[in-house]
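Student: I would be grateful for a close look at a single part of this structure, followed by its wider setting.

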Amino acid sequence: MPKVTINGRECEFKPGQVILQVANQLGTDIPQYCYHDGLSIVASCRICLAEIWMPDAKTGKLSPYMGGKLMPTCQTQCQDGMVIYTDSPKAVANQKAVMEYLLINHPLDCPVCDQAGECLLQDYSYEYGRGQSRFEETKVKNPKKDLGPHVYLYADRCIMCTRCVRFTREVSGTAELLVAGRGNREEIDVFPGQALDNELSGNVVDLCPVGALLDKDFLFAQRVWFLKETASIDGITASGDNISVHHNEGRVYRVKPRVNMSANRWWISDEVRFGWKFVHSEQRLSGPRRRQFGVAVGADWTRATAEAVEGLRRAVAGGKRLGVMVSPMLASEEAFLLARAVLALDPKAFLAVGPVPVHGQDKVFPPDDPKGFKVFAEKCPNARGVRAVLEAVSRRSPHNGYVASAEQMLGQVRSGEIGGVILTGNYPSPWASRELVEALGHSGSGPFVVCLDTLAGPVSDRADILAPGCTWLEKSGSFLSARGHYQHFEQAIPALDGTRAEGQTALALVAAAASPGGEPALYNPANVRREMAEFAEELRPFLAEVVVSTVGIEQQADMEVVEV
Ligand code: SF4
Ligand code: FES
């Protein structure tokens, strides 16, 4: 493999790679502002410039490349034998000059800037800048601008790297942003009468290397050094996008993309970025409830579980069937445990997948680009996983693989065939149809209802037993995405008081069904996946193919080098 030497370190490269990509892959520090793996290369910030030497084809003697002028490492392709210095006096002098230039008009507002602590300008000032400013004139002041529903521009912090402009042209394809003016009056703006309002707009905040583009939602919400990060998976849509959840003291503050080249690459949609708010909704259910003389009253988990088992058993004893409707918002492991729990009480129980919300059609950004970023119309993370698990369990029951849809389950409830049902929700917004609520009727006259849900709604109001569940950020498990990826997600924040994972409630039902007051096992998705693989051959991929973490995934550049 051909090699280059960067700051004394010999590195192999793939033909076509630019010097900066090779350095980034090997963790060799070269400062960079305008370069991003997912965007075209413009080489405009000039901080990555290096001194380059090339061996003579005949003698092998090193001579200055391109007459010895400094070259942008983000735009210069590697050639075998190149010797590159970003730490030579000439390269360091350039870094200092660029930093001094960028800081001339930059306000000294780090103490109130959201980006402080994760700002490349701060980091490079420390590593590559001068100790003092020589600028004595008045700084140019630019106004703050409201660019769109999610983004503010603090224009005087901008260093004109144009990452945001390129994103809207190359990735979202919406092209709302432009560079207006020239020289020290140059600034980022939206086209007149247009707002930065596209489904991927939040990505420009991640792209901005300084605090110029800010997330309205996160503005002054938290200092970044207090935040802890947990790797997770999109729990709102079927995309399986890899996300990082930023939280502190049990509260989520923001969600950012994690790079996964086979899924979301560097981006996420605004829906995934901001869709987690229901986790802290005031409508969250908390504390189990049971019915006493027709009125819902608080109960402890043991009593609520015991009465749930008792009520479901009564329904079977009355000659009716049980049913479970597993929400596609739940983890595959939870679907398995819920199916096993209901079959332990009634071997002929019906299994069904809950409503699968679909809004319109899948969208691609930019439109019609086969390599574009896809926003999925299916607004639940695990419809495929839940269905596959229920089918495997049902294949080993008298129903021989039959898994009902939410509508079919509704029909069975209406027909009076079902005497007891476990209904699960966990959707970010109200989910139960009017028909379902009507079919459930009133407690005492309709079927016995055990509800596992997160937000209050007509089904939780109707429930005979209510067991509040956890959102995906408060538990762990795995989802099977529309892209076919089996991915594990970790618990990011502690479960809200009075709630527990639906998988844990299922285990409690199994234990109570086996013996009154039985101690349930602790819900551990890894153990459940092992159990699933032993239970059915077709469930082995849930163990063998599940990806627990994507740390270390190779980042590949997506865009070609462009001429400037
Ligand atoms: S706003 Fe941020 S991303 Fe856009 S050009 Fe300025 S510094 Fe770059
Ligand atoms: S990273 Fe901006 S010029 Fe290379």
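Is helix α8 mostly covered or mostly exposed, and how many of its residues are buried?

Tutor: The model is a predicted one, and in it helix α8 is mostly covered, with 12 of its 14 residues buried. The helix runs over residues 332-345 and spans 21 Å from its first C-alpha to its last, close to the 20 Å expected at 1.5 Å a residue. Among the buried residues of α8 are Phe336, Leu337, Leu338, Val342, Leu343 and Leu345. The buried set also includes Ser332, Glu333 and Glu334.

Helices α9 and α11 may be considered next, through their salt bridges. In α9 (residues 383-395), Arg395 and Glu391 are 4 residues apart, which means that about one helical turn separates them. Their side chains meet in a salt bridge, at 3.8 Å from N to O. Arg395 is partly exposed, with a relative accessible area of 40%, and Glu391 is also partly exposed, at 22%.

In α11 (residues 434-440), Glu438 and Arg434 likewise lie 4 residues apart, about one turn of the helix. They form a salt bridge whose closest N and O atoms are 3.3 Å apart, and both residues are exposed. Elsewhere, salt bridges with shared partners join Arg387, Glu391, Arg395, Arg396 and Glu538 into one network.

A further salt bridge, 3.7 Å from N to O, is made by the side chains of Arg130 and Glu100. This pair links distant parts of the chain, 30 residues apart: Arg130 is in the loop between α3 and β7, and Glu100 is in helix α2.

Technical notes:
Residues numbered from 1 in each chain as written. Chains lettered and ligands numbered in written order. Predicted model: local features only at pLDDT ≥ 70, side-chain atom pairs only at ≥ 80, totals over all residues. Heavy atoms only, no water. Helix = DSSP H or I, 4+ residues; strand = E, 2+ residues; numbered from the N terminus. Expected span 1.5 Å × (residues − 1). Buried < 20%, exposed > 50% of the residue type's maximum accessible area, 1.4 Å probe, protein only. Salt bridge = Lys/Arg side-chain N within 4 Å of Asp/Glu carboxyl O.
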